[in-house]
Amino acid sequence: MSGKGFTMKKDWDNPLEHAMPAEARVPASFSIGGIPVAPATVLAPMVGVTDTVFRRFIRNASQFTASSASPANSASSASVEDTVTNQQSGCGLLMTEFTSADGLSRMRESKRKRYLTFYEDEHPIAAQLFGSNAETLADAARIVQDTGFDTVDLNLGCPAKRVVGCNGGSGLLRDLPKIGHIFKAIRKSVTIPFTVEFRLGWSDSSIVCVELARMAQEEGLCAVALHARTREQGYTGQARWEWIAAVKDAVQIPVIGNGDIRTPEDAAAMVAQTNCDAVMIGRAAPSNPWIFRQIAEYTATGQYTKPTELDRYRMIRTYFQMLLDEAEATSELPRAQRHGETSGKMKQFASWFTHGVPGGSKLRQQIFQSKTGSAVLAAVDQFFETRLSAPTSEPEQEETELTAFPEEALTCSD
Ligand SMILES: Cc1cc2nc3c(=O)[nH]c(=O)nc-3n(C[C@H](O)[C@H](O)[C@H](O)COP(=O)(O)O)c2cc1C
């Protein structure tokens with residue numbers, strides 16, 4: 001385990017004695033306008049990624065972990081259960097991919113359902129909207145509330161040209177009075193808690209996050225989430241956590257810190273440096289779905305379990321099977337096309353999931369050549385059967401990372 005800013009003792013005979021120092025502990029819970037979130041960890045909204053299958057997959061992430069039962073880890077695992085009483089996976093709040101308010105308010109009821117599908121085991125869950133027209137956003141927020149979401153979130157962070165071009169996402173950061181108008185309209189239209197996710201500002205010369213957070217509080221929003229980069233930065237450079245600290249100093253409503261958390265050590269460091277009320281995790285989740293659980297374990301004990309190859313196999317298989325089941329249950333397409341759709345998603349995820357798996361590039365190749373979902377599953381089975389019967393430990397060189405919004409997934413017309 002590599003510490004980032006913390007020197008942890010290596011004496012784990014009684015894990016609870018070695019729990020994280022209080023100032024570096026990801027809180028066990030926080031509340032968004034009366035909705036309890038425990039632990040204080042949030043799955044970031046990610047278009048093309050955080051659909052209902054992925055969200056449930058993250059919620060149930062510990063089910064495909066075999067190694068937590070191993071004797072070496074049993075003490076720490078037990079204490080996590082004692083300390084973190086709520087979620088199996090350690091992820092306190094799920095968020096949908098962002099949805100166009102304009103699209104939602106125009107859509108037929110049946111189509112809306114497809115966009116806003118979630119299952120009972122996803123609570124608490126937030127739906128995220130983007131748009132730039134206050135009335136349309138207010139209408140869409142009402143739809144979100146009627147659909148049964150626990151909270152509604154406004155996106156002021158998306159840097160994609162198509163969204164910014166319609167003045168949505170981070171495009172709005174250039175117009176604070178308009179944001180104020182939107183805040184008022186949405187706040188008036190719903191009774192469920194209302195939150196906002198935003199960036200530092202449009203560019204270094206127009207950082208507005210502190211002012212924006214104060215405005216959110218004044219207008220009755222229940223929490224703010226800050227991705228500590230400007231729009232101009234996109235996903236480059238480092239997230240500037242000092243601005244999360246500045247926002248936290250400026251408001252009393254909960255502040256969710258976001259940007260560049262890749263490990264439990266990073267989550268602890270963000271809490272220590274910013275005093276944020278919760279942490280939000282995006283890109284690390286698809287390649288390491290155990291991260292939420294690892295954070296809970298690290299918070300409770302100062303150490304955490306790393307997945308074995310068998311865990312990874314179970315994880316990939318579980319997720320792919322969930323995708324197939326969901327397509328079977330919900331797709332209106334004929335079977336052949338349905339599997340085409342699903343295997344496309346599998347291919348997308350395969351590159352993140354096999355990140356760090358020795359020989360993973362071979363599996364990716366096989367998956368990319370597969371024509372159906374079942375063929376993808378067969379390739380996964382064959383790869384891991386061979387690996388588990390004759391493991392080698394050559395390191396995986398390739399790194400595959402989510403770096404940007406897939407522009408083709410975005411539309412808006414308001
Ligand atoms: C592929 C992708 C899609 C994203 N989609 C959304 C989105 O729909 N709404 C949003 O507010 N942020 C979106 N984001 C930004 C993330 O929510 C998060 O703020 C960002 O990735 C920084 O966090 P991280 O360093 O933990 O990944 C997206 C990011 C990525 C990489």
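Which of the 19 residues around the ligand come nearest?

## Ligand site

In this predicted model, the residues that come nearest to the ligand are Pro 45, Gln 128, Asn 258, Asp 260 and Arg 283, out of 19 around it. Sorted by class, that shell holds 10 nonpolar, six polar and three charged residues.

Oxygen atoms of the ligand pair with polar atoms of the protein at several places. For Pro 45 the partner is a polar backbone atom, at 2.8 Å from a ligand oxygen. Two further pairs use side chains: a polar atom of Glu 197 lies 3.0 Å from an oxygen atom of the ligand, and a polar atom of the Asn 258 side chain lies 2.6 Å from a ligand oxygen. On its own the ligand has 610 Å² of accessible area, and the protein covers 98% of this.

## Chain overview

The chain contains 16 helices and 10 strands. Of its 414 residues, 59% are buried. Among contacts with a separation of 6 or more, 75% join residues 24 or more positions apart. The exposed area of the chain is about 17,300 Å², and carbon and sulfur atoms supply 50% of it.

## Nonpolar cores

In soluble globular proteins, nonpolar side chains tend to be buried together. Here the largest nonpolar core has 97 residues, and Leu 156, Phe 183, Phe 198 and Phe 320 have the most contacts inside it. Helix α13, residues 309-330, gives the largest share of this core, with eight residues. A second core, separate from the largest one, has 15 residues, including Met 95, Ala 225, Ile 256 and Ala 278.

What does Leu 156 touch, apart from residues up to four places away in sequence? Its partners include Phe 183 and Phe 198, along with Leu 172, Leu 173, Ile 179, Val 196 and Leu 212. Gly 169, Ser 170, Glu 197 and Arg 199 are also in the set. Glu 197 thus appears twice in this report, since it touches Leu 156 and also places a polar side-chain atom 3.0 Å from a ligand oxygen.

## Ala 225 and strand β8

Ala 225, a member of the second core, is found in strand β8. With a relative accessible area of 3%, Ala 225 counts as buried, because the cut-off for that class is under 20%. Beyond its neighbours within four places in sequence, Ala 225 is in contact with Val 196, Glu 197, Phe 198, Ile 256 and Met 280. Ala 225 and Arg 199 are 26 residues apart in sequence, while their C-alpha atoms are 8.6 Å apart in space.

## Helix α10 and its flanks

Is α10 enclosed or open to the outside? It is largely enclosed by the rest of the structure, because nine of its 11 residues are buried. The buried positions are Pro 264, Glu 265, Asp 266, Ala 267, Ala 268, Ala 269, Met 270, Val 271 and Thr 274. They pack against α9, β9, β10 and α12 (291-301).

Residues with positive phi lie in the loops on both flanks. Asp 260 is in the loop between β9 (255-258) and α10 (264-274), and its phi is near 70°, although it is not a glycine. Asp 260 is buried, at 13% relative accessible area, and is one of the residues that come nearest to the ligand. Asn 275 follows α10 and lies in the loop between this helix and β10 (278-281). Its phi is about 65°, again in a residue that is not a glycine.

## Other loop features

Two peptide bonds that lead into a proline are cis. The bond from Ala 38 to Pro 39 has omega near -5°, and Pro 39 lies in the loop between β2 (35-37) and β3 (41-43). The bond from His 123 to Pro 124 has omega near -10°, and Pro 124 is placed in the loop between α4 (109-115) and β5 (125-130).

Gln 233 lies in the loop between β8 (223-227) and α9 (241-250). At 15% relative accessibility, Gln 233 is buried. Its side chain makes a polar contact of 3.0 Å with the side chain of Arg 240. Setting aside neighbours within four places in sequence, Gln 233 is in contact with Ala 228, Gln 238 and Arg 240.

Key. Residues numbered from 1 in each chain as written. Predicted model: local features only at pLDDT ≥ 70, side-chain atom pairs only at ≥ 80, totals over all residues. Heavy atoms only, no water. Core = buried A, V, L, I, M, F, W, Y, C linked by side-chain atoms within 4.5 Å. Buried < 20%, exposed > 50% of the residue type's maximum accessible area, 1.4 Å probe, protein only. Helix = DSSP H or I, 4+ residues; strand = E, 2+ residues; numbered from the N terminus. Contact = heavy atoms within 4.5 Å. Near = heavy atom within 4 Å. Polar contact = N/O pair within 3.5 Å; in protein donor to acceptor, adjacent residues only side chain to side chain. Areas by Shrake-Rupley, 256 points an atom, 1.4 Å probe, with all protein chains shown as cover. Nonpolar A, V, L, I, M, F, W, Y, C, P; charged D, E, K, R; others polar.
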